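Here is a short tour of one part of a protein model. Keep the sequence and the 3D view at hand while reading.

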Amino acid sequence: MAESQSTDILIVGGGPAGLAAAEAAARYGARTVVLERQKEIGYPVHTSGGTWISDMLALGVPPHLYHPIHHITFLSPQNSARFSYPDPVCAVLDVRGLYQHSAERAIRQGASIQLAAPVEGPIMEDGRVVGVRAKNALNESIEWRAAVTLDCSGFSSTLATRVGLHGGYKRYGYGAEWDLVAPNYPDDELYLIMGSQVAPAGYAWAFPRGKGRVRLGVGVIRPDVDEDARQYLHTFTERLPQLAPVFTGASAVEYHTGLFPSEGAMPHFVMDGLMTAGDSAGQGSTLVGEGIRFAMYAGQMAGETAATAVKKGDTSAKGLRDFERAWKARFGRNLDVALLINHRIAAYSDQQWDDSLNLLKRLTPAQAAEAVRGDFSARLLFGILRRNPVLLRTGSRAFVQSILERAGINQPLSDSAALPETP
């Protein structure tokens, strides 16, 4: 008979969502346990770690865990756009360092982390999730029971898919990446590279993370294309010879692969006794496949909601639904717009990418950063239209109108002169 353990809040997955949830729940006084299937936190790395400094400050991430970027260059087959930031706004994370730092924070608040503890499935009673069946580090069977279980297992959605909260991801980003020692790569230059030659239905990236290290990767969207990102990565400098000089003498010390949900957020994140947060709930930006900051915010919100529900004695779906409402109010519109744009640009031809960079070059550095970050405010969207009135006169007009509607902006489009002034 399997050993049985109990806790208030049980978290499946020791990634950014799970660890943030553990810290928040433990801070609110709930007994909290994290089950992580790997033997160490932060391994293996599945993400490039691009992020935004304002979010890292808001989330309390120490500056030594991210490398600020001063220049961002966009490359298409026959075009380029470069933006400079004397005061950096974006950064590249020390992903493993961030995860371990997050684990330390959770432990100091009182959470317990169990490593080498793969979860085999949920325990259901009367339609309610009451815990999980798992293994421990000795490969012994164990049942964990909890008032609230959080699925923070990432793309696999270990629990959510098995209890029918959603059916698994059919559309997803598939990426491959080298972490290189690159002596000739400029430490303050980030590249985003589009086009069929380097990344059909996706993009390639070069993200410096300081001290001569750079992450070079390629991501494509399945099933939009059936290409293998690994093959494009292994022939990258042949496909883009203009960047070959900065990779002269470079060699990889790590090789990463990863999957990222590209369908948008799940309709629901909770059911009786269960919450799901981060990639397992599709709570990332599909615009550029960015998930870490959203997972950390989601984890904080989910952990606080779960601990509050335990204190109130109501861990039903109704008692947990504050998390859904708060998440959608804060991030829903921007992520809906990001998905709308993602579906469109995933089908771009090389000529369309070249034309898009002409539009991008008309933006200020601040506007370009806000667009990539996915801050689709009225100020940004109308600012883009004023700098690119051609968008109101071409086949893009209907698409622009749909973006405004998704962003909750009820503004009929006529011409640039009729656009409202924004600060």
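This is a predicted model. Start at strand 12, residues 172-181. Strand 12 is joined to strand 16, residues 251-261, by 10 bridges. The two strands run antiparallel. Strand 12 is also joined to strand 15, residues 213-222. Here too there are 10 bridges, and the strands run antiparallel.

Asp-179 shows both pairings at once. Its bridge partner in strand 16 is Glu-254. Its bridge partner in strand 15 is Arg-215.

Why is strand 12 described as largely enclosed by the rest of the structure? The reason is burial: 9 of its 10 residues are buried, so the surrounding structure largely encloses this strand. Strand 15 is mostly covered as well, with 9 of its 10 residues buried.

**The pairings in one view**

| Strand pair | Direction | Bridges |
|---|---|---|
| Strand 12 and strand 15 | antiparallel | 10 bridges |
| Strand 12 and strand 16 | antiparallel | 10 bridges |
| Strand 14 and strand 15 | antiparallel | 8 bridges |
| Strand 4 and strand 7 | antiparallel | 4 bridges |

**The hairpin**

Now follow strand 15 to its other partner in the table. Strand 14 pairs with strand 15 in the antiparallel sense, over 8 bridges. One of the matched positions is Ala-204, whose bridge partner in strand 15 is Val-218. The two strands form a hairpin, with 2 residues between them. Lys-211 sits in the turn and has a positive phi of about 55°.

**Arg-213**

Arg-213 belongs to strand 15. Which residue stands opposite Arg-213? That residue is Val-181. Val-181 is also among the contacts of Arg-213 once neighbours within four places in sequence are set aside. The others on that list are Asp-179, Leu-180, Phe-207, Pro-208, Val-253 and Glu-254. Two of these names, Asp-179 and Glu-254, are already familiar as bridge partners. For a sense of scale, look at Ala-346. It lies 133 residues from Arg-213 along the chain, and the two C-alpha atoms are separated by 29 Å.

**A small open sheet**

Turn next to an open sheet of 3 strands. Its order is 3-7-4, and the pairing is antiparallel. Strand 3, residues 50-52, and strand 4 are the edge strands, each pairing on one side only. From one strand to the next, the twist averages 40°. Strand 4 pairs with strand 7 over 4 bridges. In that pairing, Pro-68 has Ala-91 of strand 7 as its bridge partner.

**The second largest pocket**

The sheet and the hairpin come together at a pocket. Which strands each supply at least two residues of the lining of the second largest pocket? They are strand 4 (66-69), strand 7 (90-93) and strand 14 (199-210). Strand 4 gives the largest share, 3 residues. The pocket holds about 200 Å³ of space.

The lining includes His-64, Leu-65, Tyr-66, His-67 and Pro-68. Val-92, Leu-93 and Asp-94 also line the pocket. So do Arg-209, Gly-210, Lys-211 and Arg-213. By class, the lining has 5 nonpolar, 3 polar and 4 charged residues. Several residues met earlier return here: Pro-68 from the bridge to Ala-91, Lys-211 from the hairpin turn, and Arg-213 from strand 15.

Note on methods: Residues numbered from 1 in each chain as written. Predicted model: local features only at pLDDT ≥ 70, side-chain atom pairs only at ≥ 80, totals over all residues. Heavy atoms only, no water. Buried < 20%, exposed > 50% of the residue type's maximum accessible area, 1.4 Å probe, protein only. Pairing = 2+ DSSP bridges. Contact = heavy atoms within 4.5 Å. 1 Å grid on protein atoms, 1.4 Å probe; cavity = no way out; pocket = protein on both sides within 12 Å on 5 of 7 lines; lining within 4 Å. Points joined across faces, edges and corners; volume = space filled by probe spheres on them. Nonpolar A, V, L, I, M, F, W, Y, C, P; charged D, E, K, R; others polar. Axes fitted to C-alpha atoms, helices over the stretch in contact; angles between N-to-C directions.
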